[in-house]
Amino acid sequence: MALILFFVFAIAAVLSGICVAFSPFGNNPVYSAIALIMTLFFLACEFVLLHATFIAVLQILVYAGAIMVLFTFVIMLLNLSKEEIGEERLTLTKVVGLVVVLIGLTYQIGRVIWAHKVAPVTLHLTDGGPSNPAFGTIQDVGVKLFQDFLVPFEVTSILLLVAIVGAVVLAKRKI
Amino acid sequence: MTAQVVEALVHAAIKFAILVPGFVLALAALMSWIERRQSAMIQDRVGPNRASIGGVRAWGLFHIIADTLKFALKENIVPRGSNPLLFRLAPFMAMAPALIVFAVMPVGPTNRWVVSNLDVGILFIFAIGSLSVYGATIAGWSSNNNFSLLGALRVSAQMISYEVSLALNLVGVFMVFGSINLQTIIEGQGALLGGVLPKWGIVVQPVAFFLFLAASIAETKRTPFDAPEGEPELVSGYFTEYSGLALATWFLTEFAAVIMVAMMATAVFFGGWQIPWLPPTPALVATWWFQIACVMAFFAKTLFFVWVQMQLRWTLLRMRYDQIMTMGWKYILPISLANVLVTGLFLLLTR
Amino acid sequence: MDGYSALLVVTFLVVGLAVTMLVLNLLLGPKNPSAIKSEPFECGQVQITSPRQRFSVKFYLIAIVFIVFDIEVVFLIPWAVLYRWFLTQPSWAVLAFTEMLVFLGILGLGLAYFWKRRGLEWD
C-alpha cells in the first residue's frame, strides 16, 4: 500500500515539477508558482510515507506557505510586461544551465544504477514503520537539534539576521 | 489493503462528513443570518424578516434558504481582461484549506471524536492554513480590477504578518503542556491548579490568549482588521468582482475560518471538551453520556467564541491599514516573544 | 499512519465538494454576457488605470521578514515541546533556556534593526 502511494505521489510531484517549466494552460508565471506549490506539497506527502511527519509539516509550512508567498508577491506585483522581458533568446547562460542540468541528472541516475549494481537495493517502504517508533516525531528532531547540533542551531540565527539586513540594504538602495 | 484499514478510512470519512457539513457549514449558513439580524439589532433596525414559507416567518430564518437559492441562480460574471481559469478556481483554492483543517480538531474525549488524531496536531492547522493566503491573493490579482488588486495586496501582507504572531502565542501553551497534539493539550487542561482553578490555557497563559484572539481575528480578516475588504475604501476588496456561488464560497470560507478560530481558542485556551471541576477519570470517559456531555461542552464553548467574534464586529471600529500592520509587528510580535521568554524563565525557576 | 491516511480521505472529500460547487457554479444561473456587464467594476466609471502596475517594495520586505520569523517559530516549537523534558535534566535545564535566549536575542536584534531602518513604517 505504501509502495503504491509512494509511486502515486512521486509521479504527481515530478509531473507538477514539469508543469513549473511547461505549463499546459499557457505561459503564465502564476501557473508555474501554483505548480511549484503542488510539487512541494507532494514532496511533503513523500516525507509522511517515510514517517518523517514533523519534516513533512514543516515542508508545507515553510516552503509552500512562506517562501512561495514571496514568489507569488514578486510575480504578481512586479507585473513584468512582455516588452520588459524581451524576446526569448538563446543566451550563453541558458546553454550553460542546460548542460549543467544534464550532467547533474546523468550523474545522479548513473550513481543510482551503479549503487544498485554494487549492492542490490530493496525498497524498505513497509506499512510496519521504522524500528524506532519515535523516529521523525517532533521530540526526536528536537533532541537532535538542541543537543547534538546546538552550534549549527545558533549559527542559523546569525544567518537569519544576515537575511534581514540584506533585505533592508537591497530594498533601501532601490527606493 | 486489509478490511481494518478500509473500515478506519470509512469511519474517518463519515466523521468528517458529519463534522463539516453537519456543524461547520450549517453554522456558517446560520451565521450569515445571525450577522445581519445582530447588526439590525445593534443599529436599531428590524433586519431581514420577510422570507416566509406558507405565512410562517420564523424571525426571518428562511432567508438562509432564500439566499442560497439566489446565490446559486445568479449569473457568474467574469470581468474583461481577467484570467478566467484562475478567477474561477481562486474561491475554491481558499475554501479547501479552510475546511481540511477541521479534520484534526478533537471534539470529544476519545479518539472516536476526532477524524484524524495527528501527532503534529496544531502545526498541521498552521501548515494548511498558511496555504489559504493564495486563494485571496490570486482572486484579487486575476480580477483585473484596481480594488481587487489592492485588496489582494493588503490581505496577503496582513495574513502573513499575523501568522507569525498567531503561532508565537501558542508556543507558551506548548511549553506548559509539553505537546503540540491537540488531544494531549486538552487532556492536560483537565487538572486543577491548587485544587480550585481549572488548569486551562487562559489561566496559565493569560497574555497569550488575548494576543492570540487579536491575531486570529486579523487572520480571518474581520472587523476591526478588515481593511482588505473595507467597504468605504475598497468596495469588497479582493472579491469585488465575484458573483453567484463563487461569492457565496467567499462568505463560506470566512465563516469557516471564524469557526476554526473559535475551536482553536476553545481547544487551546478554554479546556476543549473538558467540563470544569469534573475531571475525566477513565471510568467516566468510558460512559457514553459523559462523552456526549463533553462534546456538548466543546460545541457550547465554540459557539461562545463565535458569538464573541460577531459581537466584536459590530462593537469596534475598523482600523486603518497602517495601524493594523503597526500593531502586528510593533506590539503583538515583541510582546509574544517576551511572553515566551517569561514563560521559559518561570518554568526554569519553579522546576 | 492511520491519521494520515484519514487525511488523504478528507482531502478527497473536500476536493470533491469544491469540484461539485465549481460545476454547479458553471451549470446553474443564466449566461448572457455583454460588453458592459463584463467591464471591471470601477464605481460606474470606465477603468482609467490598469491594475497591472507595480507596488511599493515594502510588501516584498514584509514577505522576507515574514519568512525569517516563520523559520524562527519553526525552531521555537520543538524547543517548547521539549522544554519540560530539558528541565528534568540537571545538566541541560539552564542551557536549554540560554540557547533559546541567545537565538531569540540575535533575531530580536534583526527586528530592532528592521524597525530602526523604518522597515515597519507604512506612511
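**Helix packing and chain contacts in a predicted model**

C:Leu13 counts as partly exposed because 19 C-beta neighbours lie inside 10 Å; by the criterion used, a residue is buried if 20 or more other C-beta atoms lie within 10 Å of its own, exposed if 12 or fewer, and partly exposed in between, with C-beta atoms placed from the backbone. The structure is a predicted model, in which local features need pLDDT of at least 70 and side-chain atom pairs count only at pLDDT 80 or more, while totals for chains, interfaces and linings use all residues. Residues are numbered from 1 along each chain as its sequence is written, and chains are lettered from A and ligands numbered from 1 in the order in which they are written.

C:Leu13 sits in helix 1 (residues 2-27) of chain C; helices (H or I, at least four residues) and strands (E, at least two) are DSSP runs, numbered from the N terminus. Leaving out residues up to four places away in sequence, C:Leu13 touches B:Ala13, B:Phe16 and B:Ala17, a contact being a pair of residues whose C-beta atoms, placed from the backbone, lie within 7 Å.

These contacts lead on to the interface of chains B and C. Here 68 residues of chain B meet 52 residues of chain C. On the chain B side, two or more residues each come from helix 1 (3-42), helix 2 (63-73), helix 3, helix 6, helix 11 (244-269) and helix 14 (321-349). That side holds 44 nonpolar, 16 polar and eight charged residues, where Ala, Val, Leu, Ile, Met, Phe, Trp, Tyr, Cys and Pro count as nonpolar, Asp, Glu, Lys and Arg as charged, and the others, Gly among them, as polar.

Chain A is next. Its seven helices are accompanied by zero strands, and 23% of its 175 residues count as buried. Among contacts in chain A between residues at least 6 apart in sequence, 61% join residues at least 24 apart. An automatic or database domain assignment gives domain 1 (2-136) and domain 2 (137-175). Five residues of domain 1 of chain A contact five residues of domain 2 of chain A, and the domain 1 side of this contact has three nonpolar, two polar and no charged residues.

Between chains A and B, the contact takes 18 residues from chain A and 20 residues from chain B. Helix 5 of chain B gives the largest share of the chain B side, five residues. By class, this side has 16 nonpolar, three polar and one charged residues.

Which helix of chain A has an axis that comes within 11 Å of that of helix 5 of chain B? It is helix 3 (residues 53-78), and the two axes cross at roughly 5°; axes are lines fitted to C-alpha atoms, for helices over the stretch in contact, and angles run from 0 to 180 degrees between N-to-C directions. Helix 3 of chain A is therefore roughly parallel to helix 5 of chain B, a label for angles under 35 degrees. The contact joins A:Val69, A:Thr72 and A:Met76 to B:Val133, B:Tyr134, B:Thr137 and B:Trp141.

Finally, the largest nonpolar core, a set of buried Ala, Val, Leu, Ile, Met, Phe, Trp, Tyr and Cys residues joined through C-beta atoms within 7 Å, has 188 residues. Those with the most contacts inside the core are A:Val57, B:Leu123, B:Phe174, B:Ala256, B:Ile259 and C:Val65. Helix 2 (residues 58-87) of chain C supplies the largest share, 22 residues.

Terms used: Contact = placed C-beta atoms within 7 Å. Parallel < 35°, antiparallel > 145°, perpendicular 65-115°, else oblique.
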